[in-house]
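Trainee: Could you take me through one part of this protein in detail? I would like to see how a single helix fits in with the rest of the chain.

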Amino acid sequence: MALFFVNFFMTLSILGFYTGYFFRKTDVKKHRISNSIGILFNLTAAVYLLIIKYLLGGITEFQIYPTAPEFVIHTHRFFAAISLVLMLVMGYTGWKRIRNLHVKLHYIFLPLYTIVYISGLFLFQSKPL
């Protein structure tokens with residue numbers, strides 16, 4: 001159930017980001033709302049994962065099992081952390097209307113976050129191998 005929760009909120013997050021990207025030129029209000037929702041869902045899933053990993057005994061206690069070697073999992077987490085920081089910077093630059101940096105960052109953030117999202121779907125499962 002924990003993996004479903006994480007995948008569900010990450011899916012809502014990526015839908016929010018791409019919906020916001022779609023409205024970036026036509027409706028700035030919808031762009032901001034969609035991306036804010038994407039950030040909220042992403043942070044919800046990320047905080048939940050961090051809590052179960054570091055405070056509640058680890059992800060295996062919640063029936064989340066890696067399907068790849070440890071170095072692949074660490075690489076995934078490294079790029080997930082980078083995309084999390086980029087997401088927060090993009091949220092800040094959008095909120096403060098630092099447009100040039102905000103626009104440049106989306107060229108890095110959206111592909112990176114999409115790769116992290118898709119890889120997370122394949123790197124973890126809810127039953128042990």
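Mentor: Happy to; what follows is a close look at helix H1 and its surroundings.

Keep in mind that this is a predicted model. For orientation, the protein chain has four helices and two strands, which run α-α-β-α-α-β from the N terminus on. Its C-alpha atoms fill a box of roughly 45 × 25 × 25 Å along the principal axes. A compact globule of 129 residues would have a radius of gyration near 14 Å, and the 15 Å of the protein chain agrees with that.

Now to H1 itself, which covers residues 2–22. Because each residue should add 1.5 Å, its 21 residues should span 30 Å, and the end C-alpha atoms are indeed 30 Å apart. The buried residues of H1 are Ala2, Leu3, Val6, Phe9, Met10, Ser13, Ile14, Gly16, Phe17 and Gly20. Looking down the helix axis, you find these buried residues within an arc of 155°, so they line one face of H1. Turn to the face away from that buried side and you meet Phe4 and Phe22, which are exposed.

What lies over the buried residues? The cover includes helix H2 (28–54), helix H3 (70–95), helix H4 (99–123) and strand S2 (124–125).

Two residues of H1, Met10 and Phe17, also stand out in the largest nonpolar core, which has 17 residues. They are among those with the most contacts inside this core, together with Leu86, Met87, Phe109 and Tyr113. H1, H2, H3 and H4 each give two or more residues to the core, and H4 gives the most, with seven. Follow Leu86 as an example: beyond its neighbours within four places in sequence, Leu86 is in contact with Leu105, Ile108, Phe109 and Leu112. Ala2, at the start of H1, belongs elsewhere: a second, separate core of eight residues includes Ala2, Ile59, Ile64 and Leu123.

Links across the sequence show in the chain as a whole, too. Of its contacts with a separation of 6 or more, 70% are between residues 24 or more positions apart. Of the 129 residues, 34% count as buried.

Finally, the record: an unreviewed UniProt entry lists residues 6–23, 35–56, 76–95 and 107–124 as "transmembrane region". In the model, residues 35–56 are 91% helix and 0% strand, with end C-alpha atoms 30 Å apart. Residues 107–124 are 94% helix and 6% strand, and there the end C-alpha atoms are 27 Å apart.

Notes:
Residues are numbered from 1 along each chain as its sequence is written. This is a predicted model: local features need pLDDT of at least 70, side-chain atom pairs count only at pLDDT 80 or more; totals for chains, interfaces and linings use all residues. Side-chain values use heavy atoms; hydrogens and water are left out. The expected span of a helix is 1.5 Å times one less than its number of residues. Buried means under 20% relative accessible area, exposed over 50%, partly exposed in between (1.4 Å probe, protein chains only). The arc is that of the directions from the helix axis to the C-beta atoms. Contact means heavy atoms within 4.5 Å. UniProt positions are given in the numbering used here, feature names are shortened, and annotations may be inferred rather than shown by experiment. A nonpolar core is a set of buried Ala, Val, Leu, Ile, Met, Phe, Trp, Tyr and Cys residues joined through side-chain atoms within 4.5 Å. The radius of gyration is taken over C-alpha atoms; the globule rule is 2.2 Å times the number of residues to the power 0.38.
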